[in-house]
Amino acid sequence: MKLLPVIFLAGDAKILKDEYVENFCRKRHLKRIKVNVEEKDAAFNLLSQVGFFFDGVLLDVVDFDEWKKDDQKKLLEMAEPSRISVIVRTEEGVKAKEVVQLSLPKPWEQEKWIDYVSERLRKHKISASQKIAELIFERVGPNDELLEREIEKLACVTDRPTEETIQQVISQYVRSDIDEFCFRVSMGDFEKAHVLLGSILKTTEPIVVVASLARHFLDLYKIVLFVEKRENYPWPVIKEVSEKLGVGLGKTARFLGFSFKGAGKSVNHVSLYDAEKLEKILERLYWLDLAVKSSPTPNLAIHSFLDQVRKIMGEKP
């Protein structure tokens, strides 16, 4: 049997790595043996075996980054001459003969994540529009394992989901505190926004917050350009705006001042903004994005942005 080099699966796409290993085993008729750092001695023992008894085995090292450097080196030295196939999963950069890069989009790359969701839906033979993929991502967020679990659940229910199906079947994982923060900013409640921001930045990367703000104000900009200004909007109009602009129904309702039962009072954003104000805010968001990526004090830059929005909202059109 020809000796195969150790295959490194690099990157952070856990589900894609699982699929790669499954396909590898199926094509070569191999039995997968999962190995983690606690079972390293068993892996060394297996690799030390001689003869052809273990030709039909794949050693899947699932947490290589957690191994001590000496143990990593020992594993690779033993794997090279072995007849046992070995796949090593790592999230670090690797220089090796056989490296397969399986990475996910960055948390703030929403369009790439929606493309990823669409691909996973197709993988599970679910026929769905981009709007459905957006709704799923909106509810679950940038987590490939949670997305896979929810899409598998959806596949058990239907292969042609509607927006109502998504609301009923897909669990809500995305943190509501960032959404609430964005609305506090756009409503002009800056004292509460600063407090929420301080709390959010303790556990969330600044660039993720900026991306959320950008999506929030872009959606608001589309709505302000599209709708006719009025004091209040009936539900059929809200639903129509949501469908035509591709903005979430709940988000559209809140932008247009519709208050859900049990929730706080919403503010009609169309009465607060015009296109000129929003264009100024979007321009500052562009510069904020650059600042957060290059500044040694990104948190301060976001707090400063809130003060800029406060000033813009106080300006006359």
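Here are some notes on the cores, salt bridges, cysteines and one surface patch of this structure.

1. Before anything else, keep in mind that you are looking at a predicted model.

2. Let's start on the inside. The largest nonpolar core has 45 residues, and the members that touch the most others are Phe 181, Val 185, Leu 213, Phe 217, Ile 223, Ile 281 and Ile 302. Several helices feed into this core: H8 (176–187), H9 (190–200), H10, H11, H12, H13 and H14 (298–314) each give two or more residues. Which helix gives the most to this core? H10 does, with nine residues.

3. If you want one residue to click on in that core, try Ile 281. Leaving out residues up to four places away in sequence, Ile 281 touches Phe 217, Tyr 273, Phe 305, Val 309 and Ile 312. Phe 217 is also on the list of core members that touch the most others.

4. There is a second core too, separate from the one above, with 32 residues. Among them are Ala 13, Leu 104, Leu 135 and Ile 170.

5. Now for the charges. Side chains of opposite charge can pair when their charged atoms come close. In this model the count of salt bridges comes to 17. Some of them join up: Asp 18, Arg 32, Asp 60 and Arg 89 are linked in a network.

6. The pair to look at carefully is Asp 219 with Lys 251, whose side chains meet in a salt bridge at 2.8 Å, N to O. What does this pair tie together? Asp 219 lies in helix H10 (residues 206–226) and Lys 251 in helix H12 (residues 249–255), so the bridge ties together parts that are 32 residues apart in sequence. Is Asp 219 buried or exposed? Asp 219 has a relative accessible area of 15%, so it counts as buried, while Lys 251, at 21%, counts as partly exposed. The cut-off for buried is under 20%, which is why these two get separate labels.

7. Compare that with Glu 240 and Lys 244, which form a salt bridge at 2.9 Å, N to O. These two sit four residues apart in helix H11 (residues 235–245), so about one helical turn separates them. Glu 240 is partly exposed, with a relative accessible area of 38%, and Lys 244 is exposed, at 54%.

8. Another pair worth a look is Glu 109 with Lys 112, where the N to O distance in the salt bridge is 3.5 Å. Both ends are partly exposed: Glu 109 has a relative accessible area of 24%, and Lys 112 has 49%.

9. On to the cysteines. A disulfide is a covalent bond between the sulfur atoms of two cysteines. How many disulfides does the model have? The count comes to zero. Two cysteines to look up are Cys 25, which is buried with a relative accessible area of 9%, and Cys 156, which counts as exposed at 71%.

10. Finally, look at the outside. Which residues form a nonpolar patch on the surface? They are Tyr 286, Trp 287 and Leu 290, and together they have about 350 Å² of accessible area. Leu 290 is found in helix H13 (residues 275–294) and is partly exposed, with a relative accessible area of 37%. Helix H13 is also one of the elements that give two or more residues to the largest core, while Leu 290 belongs to the surface patch.

Key:
Residues are numbered from 1 along each chain as its sequence is written. This is a predicted model: local features need pLDDT of at least 70, side-chain atom pairs count only at pLDDT 80 or more; totals for chains, interfaces and linings use all residues. Side-chain values use heavy atoms; hydrogens and water are left out. Patches are made of residues with over 30% relative accessible area and no salt bridge: like charges are joined within 9 Å, nonpolar side chains (Val, Leu, Ile, Met, Phe, Trp, Tyr) within 5 Å. Accessible areas come from the Shrake-Rupley method with a 1.4 Å probe; for residues, only the protein chains shown count as cover. A salt bridge is a side-chain nitrogen of Lys or Arg within 4 Å of a carboxyl oxygen of Asp or Glu. Buried means under 20% relative accessible area, exposed over 50%, partly exposed in between (1.4 Å probe, protein chains only). A disulfide is a pair of cysteine sulfur atoms within 2.5 Å. A nonpolar core is a set of buried Ala, Val, Leu, Ile, Met, Phe, Trp, Tyr and Cys residues joined through side-chain atoms within 4.5 Å. Contact means heavy atoms within 4.5 Å.
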